[in-house]
Amino acid sequence: MAKCKKCKKGWFFSKISSAGLCQKCEKLIELEKVKNKIEDLQEEEENLKKNLSITKKEILENSNHLKLVIGLEEKENND
């Protein structure tokens, strides 16, 4: 009689995968992998949002600085 490596359950006609897992444990492990992937993607999304926010802030600061420089140059040219 084959037994699952994870849950240690076994039945007379139980199907055990080549990895030594019953179908239930195999699906649980697959779901855990999907859950971990989702968490990784959510973390990556948060990091991208932070980076985008920083980049947007830098662009606005540079834009304001350029406007100031252009304004000073125009003032000098008019004098």
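In the predicted model, the protein chain contains one helix and zero strands. The radius of gyration is 30 Å, well over the 12 Å that the globule rule gives for 79 residues, so the chain is more spread out than a compact globule. The extents of the C-alpha trace agree with this description: along the principal axes, the trace spans about 100 × 15 × 10 Å.

Burial and contacts were examined next. Of the 79 residues in the protein chain, 9% are buried. Among contacts with a separation of 6 or more, residues 24 or more positions apart account for 0%. The spacing of one residue pair illustrates the extended form of the chain: N78 and K37, separated by 41 residues in sequence, are 60 Å apart from C-alpha to C-alpha. N78 is found in helix α1, and its relative accessible area of 67% places this residue in the exposed class, for which the cut-off is over 50%.

The protein chain exposes a surface of about 7,400 Å². Carbon and sulfur atoms supply 56% of this area. With regard to charge, 17 side chains are positive and 15 are negative. The centres of the two sets lie 20 Å apart.

Side chains of opposite charge can pair when their charged atoms come close. A search of the whole structure returned one salt bridge. The side chains of E45 and K49 meet in a salt bridge with an N to O distance of 3.8 Å, inside the 4 Å limit applied to such pairs. Both E45 and K49 belong to helix α1, which covers residues 23–78. The two positions are four residues apart, about one turn of the helix. E45 has a relative accessibility of 40% and therefore counts as partly exposed. K49, with a relative accessible area of 47%, is likewise partly exposed. Both values fall between the 20% limit for buried residues and the 50% limit for exposed residues.

Backbone geometry was also considered in the segment before α1, where K8 lies. Most residues other than glycine have a negative phi. The phi of K8, in contrast, is near 65 degrees, a positive value in a residue other than glycine. K8 has a relative accessibility of 56% and so counts as exposed.

Technical notes. Residues are numbered from 1 along each chain as its sequence is written. This is a predicted model: local features need pLDDT of at least 70, side-chain atom pairs count only at pLDDT 80 or more; totals for chains, interfaces and linings use all residues. Side-chain values use heavy atoms; hydrogens and water are left out. The radius of gyration is taken over C-alpha atoms; the globule rule is 2.2 Å times the number of residues to the power 0.38. Buried means under 20% relative accessible area, exposed over 50%, partly exposed in between (1.4 Å probe, protein chains only). Contact means heavy atoms within 4.5 Å. Accessible areas come from the Shrake-Rupley method with a 1.4 Å probe; for residues, only the protein chains shown count as cover. Lys and Arg count as positive and Asp and Glu as negative; His and the chain ends are not counted. The place of a charge is taken as NZ of Lys, CZ of Arg, CG of Asp or CD of Glu.
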